[in-house]
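User: Please take a close look at a single strand in this model. I would like its pairing, its burial and its place in the core.

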Amino acid sequence: MMQKQRTYKIKSYVNASHAVRWKSGTGKKHNHTWEIVCELHVFEGMVSFFDIEKSLNTAINELSGKYLNDLPEFRVINPTVENVTEYLFNEIDGILQKNNAVLLRIEVSDSPTRSYCIDITERQFPSQAEVEAGQNNQEDAHA
């Protein structure tokens, strides 16, 4: 029997500029409206999209209006679409895990015609018992 995998997609947009570094020097600074599409799996029937989207926006807004080359994460690492995707994957994956969700795929576009994607749909999910144990630990921490 085929197992269904249920996911959500959340799209976000941010304006940020960058200049790609080449062996011959740094290219021209230019702006993009970056599109970020996150596909996620959640561990409970009712999802607090408000909390998830607020958390995602916190990470994404770190880039809003910025010249990426000036950010600490991209002072050494070239702010290409590939490296921006890796950075956002790491940031967003951590945020989602605190919200009972896991990131399965991220797509980042700096152009309407292409995206760079990181896909971990083969990811092993924690069991329901592990999820509930994590929720209990969080509730204990808030008590």
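Analyst: E35 has its bridge partner in β5: S109. That pair belongs to a longer match in this predicted model. Strand β4, residues 30-42, pairs with β5 over eight bridges. The sense is antiparallel.

β5 has another partner, strand β6, which covers residues 114-119. Five bridges join β5 and β6, again in the antiparallel sense. One facing pair is S111 and R114, the latter in β6. The link from β5 to β6 is a hairpin of two residues.

Now burial. β5 spans residues 101-111. Ten of its eleven residues are buried, so the strand is mostly covered, with buried meaning under 20% relative accessible area.

Next, the core. The largest nonpolar core holds 29 residues. I106 is among those with the most contacts inside it, along with I36, L88 and I92. Several elements give two or more residues to this core: strands β1 (8-18), β4 and β5, and helices α1 (49-61) and α2 (81-97). The top contributor is α2, with eight residues.

I106 deserves its own list. Leaving out residues up to four places away in sequence, I106 touches I36, V37 and C38. I106 also touches T85, L88, F89 and I92. Its remaining contacts are Y116, C117 and I118. Of these, I36, L88 and I92 are named with I106 among the residues with the most contacts inside the core.

One general point helps when reading any strand. Side chains in a regular strand alternate between the two faces of the sheet.

Terms used
Residues numbered from 1 in each chain as written. Predicted model: local features only at pLDDT ≥ 70, side-chain atom pairs only at ≥ 80, totals over all residues. Heavy atoms only, no water. Buried < 20%, exposed > 50% of the residue type's maximum accessible area, 1.4 Å probe, protein only. Helix = DSSP H or I, 4+ residues; strand = E, 2+ residues; numbered from the N terminus. Pairing = 2+ DSSP bridges. Core = buried A, V, L, I, M, F, W, Y, C linked by side-chain atoms within 4.5 Å. Contact = heavy atoms within 4.5 Å.
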